[in-house]
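Here are my notes for you, as one colleague to another. Please have the viewer open while you read; the points begin with a surface feature and then turn to charged pairs.

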Amino acid sequence: MPAAKKTAAKPSVKGKQDGNKILVIVESPSKAKTIGKYLGSRYKVIASVGHVRDLPKSKLGIDIDKDFEPQYIPIRGKGDLIKELKKEAAKASKVYLATDPDREGEAISWHLAYLLGIEPSAACRVEFHEITKDTVKEAMKHPRAINAGLVDAQQARRVLDRLVGYKISPLLWRKIKRGLSAGRVQSAALKIICDREREIEAFDPQEYWTVTATFKKGSTFTARLAEYRGRKLTIKNQAQNDEIIARLKEGTFQVKEVKEKERVVRPQPPFTTSSLQQEAGNRLNFNARKTMMIAQQLYEGVDVKGRGTVGLITYLRTDSVRISEQARQAAKEFIGGKYGAAYTANNIYTNKKKDIQDAHEAIRPSMVDLTPAEVKASLTSDQYKLYQLIWSRFLASQMSAARFNSMQVQIANGDYGFRASGSELLFEGYRKVYKPFSESDDDKMLPELHEGETLKATDIRGEQAFTQPPPRYTEASLVKELEEKNIGRPSTYAPIVSTLSERKYVGKEKKALKPTELGLVVDEVMEEHFRDIVDAGFTAAMEDQLDDIEVCKTGWKKVVGDFYGPFEKELEKADQAVGKVTLEDVPTGETCEICGRPMVKKMGRFGEFIACSGYPECKNTKPIVQSIGVKCPVCGRDIVARRSKKGRVFYGCSGYPACKTIYWYKPSGKLCPHCGAMLLEKKGRNYSLVCADEECGYKE
């Protein structure tokens, strides 16, 4: 780690001071605005707008011969901002670094300290785990030194990822195509997706039959054939099915056993980053990146009518399910007042595995009495949906269990055994505010049955089915798999999925992630020549080592060195062993209108496009267009999605060049009630549709 500039060990910079003005540096402008209102005129709050120093993009930026020393430089485009920060720091009586409370935020503060000449051991670092007036003012009373363990863990991750990316990517360019990339965690995630696809392709469906019997005793219920002579029964074909049904019709059904008991279902814990991404994906259809973006907005602050600017949730990057005693007590009082004492509980959650992020609470509302209904008018539709999800899950986590009366019945017919089950809700408990996504309302109680009772079947039938291959991963199920395998960290899940999509390694079919031919080829090269990089166990072990750097203060350069030695040898072998890989072009069934050869799909920098198979003799190309179900208001032809030469999506008339109607935002199909122009989907804070005619200015 480069040493910071030596100054007196205090969080200030010498120079002309601006009275008693105290400078506070945060990461985002919206957060600066919110915190500035809370702290008042004595403070000046400025945003660094993320990182201010990083490794250079144009070269490796790591001196391998000097023990992997990083060669940090100011980020291009941040020069004026850095000058402003230095100017304000020189005038201030004190400088506090209040970037986000995690590894990345700690590293940003460390870089700021270097640039501003602040000693890292000085009490210059302030953490805001939630952004409300009281918590911000309280946090300002407890500054601390920069945490070297957090900084070193971030540096180790950054250097490891740079070494993998900048060493393997050029090999992929030479052997497959330019513009490809490999990543330490990204490649392990790609392997998971590709392995699942290979499982699906190799899957051999097996026929089986399910036999059910329907009975009527007051109400109708069904039982499923489960065993023969006390052992699990599998019916493999229709002949076996028909033979069993014939025997059942000749026999008698008799209730063999009835078990009735109360079943207690406890609420789930409040959200971690990972569980929030999964649940938002399942319930709201949000991808991981969108979930994190909206959660960041809720954390940084929203202007709520009657309350001013308020950070609605606690910090969004956490592995912990723990909540503070104050939050538990506030929830208990709120639940008791709104729903009654029977709905309150004393639920305490702890993490089952080693958790180095336990300094942060679980994700919860910063004020439980600030209900989704109260803030709805102040939020966008997506902000409201996510806040409601977080608020409801937290409140439910502090409520009493749901109670069900459940019944399991075994019914015998000769040597064949049937099973039936039913349940009814006795007390809804936490389900009053949050019903688990996977639970069903289909369960109903069975009629009263007694052991030894004879039943008459109104119907006995068998249904043919086939075993199904494992499903492709969705973003939500991939995040769950990454977490279970300890690959990456919750804060990295969203960038992983986005990178795989942007590199065209993975596409989507409905919500499912499917590897492209390019993704499969890259994965094959990586698996053959860089087995450790794509191995889930190796990647998980590396995550544990990064945690040890933070917690146990393990030397980060040793961790990097232990990785780089074997990796360098793999790299040398791969460069010699990997031959040139040619990606197959996919026929489109179209014929080139210039030379008559077949047209094929090719992969370019910005995705797939259609080109003549006679390239380079014939250079005819055209984009792959996708209809969006909207008609052009000028000529009535379909509006289609296209890409510009720089890769930006736009929407144009399919009748081009005869009709040159284009839009940079997606047309909604609705016309402006004021001027008749197309309304475009341009999502903002208080509206989602705007008139294409800027002079009109209509919004809704």
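1. Let us start at Ile 662, which lies in strand β27 (residues 662-663); helices (H or I, at least four residues) and strands (E, at least two) are DSSP runs, numbered from the N terminus. This is a predicted model, where local features need pLDDT of at least 70, side-chain atom pairs count only at pLDDT 80 or more, and totals for chains, interfaces and linings use all residues. Residues are numbered from 1 along each chain as its sequence is written, and side-chain values use heavy atoms, with hydrogens and water left out.

2. Ile 662 joins Trp 664 and Tyr 665 in a nonpolar surface patch of about 290 Å². Patches take residues with over 30% relative accessible area and no salt bridge, joining like charges within 9 Å and nonpolar side chains (Val, Leu, Ile, Met, Phe, Trp, Tyr) within 5 Å. The areas come from the Shrake-Rupley method with a 1.4 Å probe, and for residues only the protein chains shown count as cover. Ile 662 counts as partly exposed because its relative accessibility is 44%; buried means under 20% relative accessible area, exposed over 50%, and partly exposed in between (1.4 Å probe, protein chains only).

3. Now to the charges. How many salt bridges does a search of the whole structure find? The search finds 45, a salt bridge being a side-chain nitrogen of Lys or Arg within 4 Å of a carboxyl oxygen of Asp or Glu. Side chains of opposite charge can pair when their charged atoms come close.

4. Lys 141 pairs with Glu 138, and their closest N and O atoms are 3.7 Å apart. Lys 141 is exposed, at 60% relative accessible area, while Glu 138 is partly exposed at 39%.

5. Please look at helix α6 (residues 184-202) too: Arg 196 and Glu 199 both lie there, three residues apart, about one turn of the helix. They form a salt bridge, with 3.8 Å between the closest N and O atoms. Arg 196 counts as buried at 16% relative accessibility, whereas Glu 199, at 44%, counts as partly exposed.

6. Arg 393 and Glu 279 also meet in a salt bridge (4.0 Å, N to O). This pair links distant parts of the chain, 114 residues apart: Arg 393 is in helix α12 (residues 381-397) and Glu 279 in helix α8 (residues 273-284). Are these partners buried or exposed? Arg 393 is buried at 6% relative accessibility, and Glu 279 is buried at 9%.

7. Finally, a network of salt bridges links Lys 191, Asp 195, Arg 198, Asp 523 and Glu 527.
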